[in-house]
Structure formats: structure tokens, C-alpha cells
There are 2 protein chains.
Amino acid sequence: MPHIPAAERREALIAAALRIVARDGVAAATTRAVVAEAGMPLASFHYVFGSHDELMTELIQHAITEEYRSIAPLLGSEVTEATIGELVYQGLVRYLDSVKADPERERGMLELTQYALRDPGTAHLARTQYERYTELVQMALEAAAGRTGWRWRVPVVEVARMVVAIADGMTVSWLVRGDDAESLALARSAARAVEAHAARVAPASEPAGEEER
Amino acid sequence: MPHIPAAERREALIAAALRIVARDGVAAATTRAVVAEAGMPLASFHYVFGSHDELMTELIQHAITEEYRSIAPLLGSEVTEATIGELVYQGLVRYLDSVKADPERERGMLELTQYALRDPGTAHLARTQYERYTELVQMALEAAAGRTGWRWRVPVVEVARMVVAIADGMTVSWLVRGDDAESLALARSAARAVEAHAARVAPASEPAGEEER
DNA sequence: CAGAAACTTGGACGATCGTCCCAGTCGAGA
DNA sequence: TCTCGACTGGGACGATCGTCCAAGTTTCTG
């Protein structure tokens, strides 16, 4: 094994740990399994990581960042001649596709989130993660409304939280049941339901028109 | 330690394991921890259980059954003078209350579900669990519609799946963020969105009236 | 080119895991 | 009352876990 700077080994070990978590679960990511996956001798582990916990903490941070980066580009769209519901549906379908493309990674993410929640030192990471997802969806919803000439009749952040909850539920549902058609129908229903919170803005003579609440 | 029939010890060990899973997570439910929690000597474990896996499998079955029983009575209602959305909101709030009453149990349930999903031998239990939840919600939705004089404009099973997904997302959201007001707002938004899939049945001159799709 | 710093590595440590043996004790039926 | 099956429980097994040490090798620095 050639000389490799500690920083590089860190990344390699984190990547290896991420693969193990996806394939075999958090419990399988032992120090020995991780170094074996990375093709390193055991002693390399404690040369670059102070402890197993240190790896897990960094693993959670890394996974969250990566997940965020993989989701963000999914939420854009250039369509302007569509209903809000159709755009939301598109977003959910694209997200579902990304889950189906690598189900093990997603299952690993769920496990890591729960693992993070157990440890007081990393619990805040999970919290921040959810906050950022909501912000992301909120921005996408605002952009979609602006582009198609709709507006939200309830605070956008609430719609965003609902969409995040639905996406979460849809993910778990697909991971558990694995039924494509079922999940697509769920996305469709959810998108239509979300649309109920929006209204066209331009035409002044729209149905009733009064605000919700 | 007095003589206790093996069947009783089984139940006591399962109950002890359930407490540990809720309090410290699935990984903490070792044979030694379980017998300590139950106040038994270590050897009692393998007198009543063939293996640790056997306990875990039975634990999953037991937890699923109990969870189902605790949710079922939440979904009833005698109200007839309300909108469908209000009834759905009530159901979600009651469910959320049950989660808040014992968050650790719920978190343990999520962990157990994922644990079950990892093992091919118990994965079907998780699948069945989701199917039964959906059936439960579907029955409640049909009952609510019949009682209030509404009807569903899309297949009820699809609405049920959406509600289950939302309840799931709401649970995770509350466990992660722990914000009561936020989760209530989420339940409210979701309930209103669900209502968009329903319509009053009696008055023939309702808004437009054409079916969805 | 010499010394310091960084990196590599086999091997071992104590702790904890699931599992099992076996000599003892108890209680119900003959 | 005796007996036999049911139950008890101390103790130990091999495996695996996280962690660490000390000696060797390579690369960088002055």
C-alpha cells in the first residue's frame, strides 16, 4: 500500500462506510468491515480517525450534504404552461425515480438519520437536514408559482412541509412495498391535493376567490 | 427466582426487549441487556428462545400487532355535521397525540420496521403491516364519507395511501423536529388537501361537479 | 544529505457479543 | 411418596468488537 495522505484516506474510508451502510446497514459498518471495503489494513483506521464515533459523525454529515446535492437539481423546471399540480407531480416523480435508481442508498440514509437522532451529539444534524429540505422545496414551490402565474393561498412554508412529509412517506412506502404504479398514483393524488392550496392569480373572475382559513 | 412457565418468560422477555428498543435502540437489545431488563439470569434466554434472531422476529410481530391495536380505536368518530377535512384533521391530530404521548415507542417502531426490512425472513411482516394500515385508514375514510354525506372522487384506496404516507411523514417530522405547532399545521394542511379529493353527495347543484381525471 | 515528520502495519489488549453445557432445584402426576 | 419432566442458573466457549502500541518505511524539509 503506497503512501497516501491522511485526508485522502478519510474520504476513502467514508465512501467505503457509506457503501456498507447502504448494502448491509449501519450495524455492519464496523471498523474492520470499513477498512476491508476500502482495501486498507486495520491500523489505518485509527491513524486517520480518533474513534469509530468520529467516523460515524463525519459519515452523517457527508451523507446529508450529498443527499441535499442530489435532490436540489431535481426540483427545477422550465415549463410555464402547466398547472401547479402538474409541476409538483413532476417533481415527486423525479424524486421517486432517484429513489428507485438507488434504493439501498436511500434506505441507508433513513438508517443514518435514525442513528443520528439517537446520539445527542449528532441529533442537530438531522434537524438541520429537515430544515434545509423544507427550504429547498419552498423555493421550488415559489418558483413554480411565479412561473405559471399561480399563487399559494396558505403560507408556502406549510405547503413545503406537507410536500416534504409526502415525499418522505412516499419513499418509505416504496421501500417497503416496492410497487411502482402504487407510488406513482400516490404522487398523483398528492400533487392534486397540493394544488388545492393554490389558485390562478391573473384572471380576476376566478371561482369564489376567497382565501382559505 | 421462582418457577415460571416458559411461555410467561417469553412474554416478559419480549416486553423487556420492547422497552430497550424504545429507550436505547435496536442495537442495544442484546441478550444480556434483555434478561437484565427482565430481571432474569442469562441462561433463561436460551431456555425459551432458540436464538437471538428468534426473539427479534417475535418482537417485530408483537410490536406490529400492538401498534395496529393502538391505532385502530383512534380513527372512529360519531360526528356527522362536519366536513371530511375536519374529520381527517381530527384523526391526524389524535394519531399525533398518541405519538407525542410515547415518542420513544414510535421511534422504536420505525427502527424495528427498518430492521425487519433488512432480513429477508421478516421483510414480509413490514409489508403486511403497511397493507393493514392502509386498509384501516380506508375503512375509516369510507365510514367518514358515509356518515357526513360526502363521497370520494378518486378511488378511496388511493386517498388512504396518501393519508398513510402523510401520517408517516408527519411522524418522522415530529420525531426529528419536535415542533407541536408545526406538526399541527401540517395536519391541517394535509386534511384540507385530502378534502380536495372529496365532494358533497346530496346537493345536485354543487360546484361544477365533474369527476377528477 | 541528515534529521524530522508523516505514513504503514502486524499483532495484541480487554470488553462484549451469542450460544451452550450441565449440575442443581422445583412441582405435578402416578 | 417417588419420579420424571420442567425449570434454574453459574460459568465458560469462541467470535468479534473498538482501540492501541511499537517498530518499520517513506517522504518532506532545511
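Two residues count as being in contact here if their C-beta atoms, placed from the backbone, lie within 7 Å. With that in hand, take chain A of this predicted model: among its contacts with a separation of 6 or more, 68% are between residues 24 or more positions apart. So what is chain A built from? It has 9 helices and 2 strands. Walk along from the N terminus and the elements come in the order α-α-α-α-α-α-α-β-α-α-β. Put a box around the C-alpha atoms of chain A, along the principal axes, and you get roughly 75 × 30 × 30 Å. Of the 213 residues in chain A, 40% are buried.

For one residue to get your bearings by, try His46(A), which sits in helix α3 (residues 45-48) of chain A. Is His46(A) buried or exposed? Neither, quite: it has 13 C-beta neighbours inside 10 Å, so it counts as partly exposed. From His46(A) to Met109(A) is 63 residues in sequence, and their C-alpha atoms are 25 Å apart in space.

Now bring in the second chain. Turn chain A by 180 degrees, with 0.0 Å of shift along the axis, and it superposes on chain B with an RMSD of 0.0 Å. The two copies are thus related as by a two-fold rotation axis. Both copies also use the same surface, since 100% of the contact residues of chain A turn up again in chain B.

How many residues does each chain bring to that contact? Chain A gives 37 residues and chain B gives 37 residues. On the chain A side, the elements that supply two or more residues are α6 (103-118), α7 (123-148), α8 (156-177) and α9 (180-195). Out of these, α8(A) gives the most, with 15 residues. Sorted by class, the side of chain A that touches chain B has 21 nonpolar, 6 polar and 10 charged residues.

Over in chain B, have a look at α9(B). Its 16 residues, at 1.5 Å a residue, should span 22 Å, and the end C-alpha atoms are 23 Å apart, which agrees. Plenty of α9(B) is tucked away: its buried residues include Leu186(B), Ala187(B), Arg188(B), Arg192(B) and Val194(B). What covers the buried residues of α9(B)? Both chains have a hand in it, as the cover includes α8 and α9 of chain A along with α5 and α8 of chain B.

That leads us to helix α5 (residues 84-101) of chain B. The 18 residues of α5(B) should span 26 Å at 1.5 Å a residue, and the ends do turn out to be 26 Å apart, C-alpha to C-alpha, which agrees. Buried in α5(B) are Ile84(B), Leu87(B), Val88(B), Tyr89(B), Gly91(B), Leu92(B), Tyr95(B) and Leu96(B). They pack against α4 (52-71), α7 (123-148), β1 (150-152), α8 (156-177), α9 (180-195) and β2 (198-200) of chain B.

Last stop: a pair of helices in chain B. Helix α1 (residues 6-24) and helix α6 (residues 103-118) pack at an angle of about 100 degrees, with their axes 7 Å apart. That angle makes α1(B) roughly perpendicular to α6(B). Which residues make the contact? From α1(B) come Val21(B), Ala22(B) and Arg23(B), and from α6(B) come Glu104(B), Arg105(B), Gly108(B), Glu111(B) and Leu112(B). By class, this contact has 3 nonpolar, 1 polar and 4 charged residues.

Terms used. Residues are numbered from 1 along each chain as its sequence is written. Chains are lettered from A and ligands numbered from 1 in the order in which they are written. This is a predicted model: local features need pLDDT of at least 70, side-chain atom pairs count only at pLDDT 80 or more; totals for chains, interfaces and linings use all residues. Axes are lines fitted to C-alpha atoms, for helices over the stretch in contact, and angles run from 0 to 180 degrees between N-to-C directions. Helices (H or I, at least four residues) and strands (E, at least two) are DSSP runs, numbered from the N terminus. Angles under 35 degrees count as roughly parallel, over 145 as roughly antiparallel, 65 to 115 as roughly perpendicular and the rest as oblique. Ala, Val, Leu, Ile, Met, Phe, Trp, Tyr, Cys and Pro count as nonpolar, Asp, Glu, Lys and Arg as charged, and the others, Gly among them, as polar. The expected span of a helix is 1.5 Å times one less than its number of residues. A residue is buried if 20 or more other C-beta atoms lie within 10 Å of its own, exposed if 12 or fewer, and partly exposed in between; C-beta atoms are placed from the backbone. Copies are superposed by least squares on the C-alpha atoms of residues with pLDDT of at least 70 in both.
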